Amino acid sequence: MKQVVQNYKSGELSVLDVPVPGCKPGGVLVRSAFSLISTGTEMMKVSEAGMSMVGKARSRPDQVAKVMQSVATNGLPATYRKVMGKLDSYTPLGYSLCGVVEQVGAGVDDVKVGDLVACAGNEHALHAELNWVPKNLYTPVPEGLAPQHAAFGTVGSIALQGVRQGEPQLGEVALVIGLGLIGQLVVQLLTAAGVRVVGADPDPVRCELAEQLGAVACGDPGSAVVETAVAELTDGHGVDQVYLAAGGGSNQPVELAAQLSRDRGRVVDIGKCRLDLPWNAYYEKELDVRFSRSYGPGRYDPEYELAGRDYPIGYVRWTERRNLACFLDLAARGRVDVAPLISHIADFDDAVETYRRLKEGELKAVAVLFRYAGAEPERTAQAPTLTVPAVPSGAKAASRATGPVRPAGTPVRLAFVGAGNYASSMLLPHLAQREGVALSTVVTTTALSAANAQRKFGFERATTDLDAVLGDDSVDAVFVVTRHSSHAELTKRALLAGKAVFVEKPLALTEDELAGVLAAVEESGNDRLQVGFNRRFAPLLREAKGRFGTRSGPASLRYLVNAGRLQHGSWYLQQGTEGSRFAGEGGHFIDTASWLLGADPVSVYAVAPAGNEDLQIVLRYPDGSTATLSYVTTGASSFPKETLDLVADGKVLKLDDFVRASVYGGKRWVSSRLPKARDKGQSVELASFIKAVRTGGPMPVPLESLVATTAATLAVQAALVGGAPVTLARSL
């Protein structure tokens, strides 16, 4: 299928051939009929992409701050690779469309194949021939509403949520500053609510259009027209509400809002304009400044948008989806008319040229639509299934503690399932140029991420069809680098297909999932498995362990992980589906401790202070050694992320965030110089895995150790719930 994408580094726009997205449970696959270009938001994004690197930094100081924090935490080289990887990637455009349901995912019963739906979301309602849309981001189109008009659903919801924040009442007077697409819709919604509206915009064409659609008077913000109209309509008191629907760097909209508001009036920010509030003006009138967050309640909440958990109507009357349905209903009943806003309808194949004309000013438009060919549904289409190939009853493959040897001179062929940020920044850069490795296929559920990985790292093929990869005899090993909740199931399937498997941590999120992986090993006889516990492969830590030498008595290990707080919206916070944060990454630190101590833990104890996510974990080992792991989220961001001390036999090993290491004993050793980057072992780990696959030798870490580390990680939650140490069984 085709999709509009932009390279944020170069600014290049293109219509790219990408794989068709999979139809996941909880949503529908929609074939686009019309999608709407937001001439405000999208064109701002397009313009930013065309800026120099300095210009991009100036336009997004919030992102610059994140980059600087990443430099402090991960070092300059790793941060540079991460940032440039993100910049030099295809990003999607679009967030408002109407289309026909082509496939229905499991758990969806409110629409069927062939239904017309309006869709929202800058990750789901893209300028693409097909989109997968979760349940709370689509709604059926009412009878009689044309699909090109239903494509306005998302921007209509944005305008509607802004109006709701203003709490308009019959007979009030409102000022709308900025008469672009959102402003024009706000004018109509206010008029439908019985509010008299004055508009302000420097473009006389937009002012005339707003008056046609219901505004009492409109004019240039700097002219006397707006001020005079407000004075006449309010008897000189000022407007009850001001809606800021303008963009740009001027502070004029904010100053005009204060000037023309009545005492204790309401100012609602919908657009993205400068908000340098003049203190005296806002204080003296005690103005109520409010923000309108996109489409309404549910926005940026992954439990609502992705997991499909609706808010009870008794507590949240107007959610994203209800706003979307409400706007479509108003349009279907003629209370809002979007037809006069459509300046141009372009064929989807002409998308790049359309953006160019908009950017260069050749096409003056309030709203532009893309029209897609072939939007009629294939009513016989069925949702894809993820079935495991049947194994003959009683059939057991011979155990393969060692694997097949690759013929001399032939590369190890790898397939990646998932190509997100970690895979793209920490794994694939080490593999793309490695001699004797061929990147065969990348599999993702979203088409664009597969296309990005194929372009950047040279995969031979990009697809959304996992079965095709698992059935490909030429693929030697499968990398599972997806969200945590899918790791165990994908690992099972790859093992049963006879592939060597590299799965990022965690291997499993529950005891049942871990048991399922082991059952797949037993059934297939295939134990060619590696989990991404990379720290034991870090060169600096390996050298320090060698300098420390062997020990004769029990050891005491202390490991502080200054994990920090997650950003709002991070999928790590989706504990209902993705497990706790520690369950996701705690295996890293338990594995490191066990490797340093040369054994697997026999018991786990954990406590957590009330009110935060900090954990104190004690691991006990067979020889009496202990490891105390402090996993904290409340520490200072300026402090190193990982510090470790190992004490035994009159010696101390100290690691400072993979930047410096030292050993104190009969003869002190300190790493001679700071490394160029924090090398946490990914490169060595990958080289060891590739070597094992190529030669048929043992996996880098024994399966028993992988299972023990996973079991210990899962035992942390059990220890927290039970309030007592958890003993770990020593059998597979």
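Helix 22 (581–597) and helix 24 (703–722) each give at least two residues to the lining of the largest cavity. The model is a predicted one. Of these contributions, the largest share of that lining comes from helix 22, with three residues. The volume of the largest cavity is about 60 Å³.

The full lining of the largest cavity consists of K505, P506, L507, A508, F533, A583, G584, G587, T710 and T713. By residue class, this lining holds five nonpolar, four polar and one charged. Glycine is counted as polar here, and the lining includes G584 and G587. Lysine is counted as charged, and K505 is part of the lining.

The search for enclosed space rests on a simple idea. Rolling a probe the size of a water molecule over the atoms shows where empty space is left. With a cut-off of 30 Å³ or more, the count is two cavities.

The second largest cavity holds about 30 Å³ of space. Its lining is made up of L557, Y559, F589, I590, A593, L619, A627, T628 and L629. Strand 23 (556–562), helix 22 and strand 26 (626–632) are the elements that supply two or more residues to this lining. In the second largest cavity, the lining residues divide into eight nonpolar, one polar and no charged. Tyrosine falls in the nonpolar class under this scheme, and Y559 is among the lining residues.

Helix 22 thus appears in both descriptions: it supplies three residues to the lining of the largest cavity, and it is one of the elements giving two or more residues to the lining of the second largest cavity.

Key
Residues numbered from 1 in each chain as written. Predicted model: local features only at pLDDT ≥ 70, side-chain atom pairs only at ≥ 80, totals over all residues. Heavy atoms only, no water. 1 Å grid on protein atoms, 1.4 Å probe; cavity = no way out; pocket = protein on both sides within 12 Å on 5 of 7 lines; lining within 4 Å. Points joined across faces, edges and corners; volume = space filled by probe spheres on them. Helix = DSSP H or I, 4+ residues; strand = E, 2+ residues; numbered from the N terminus.
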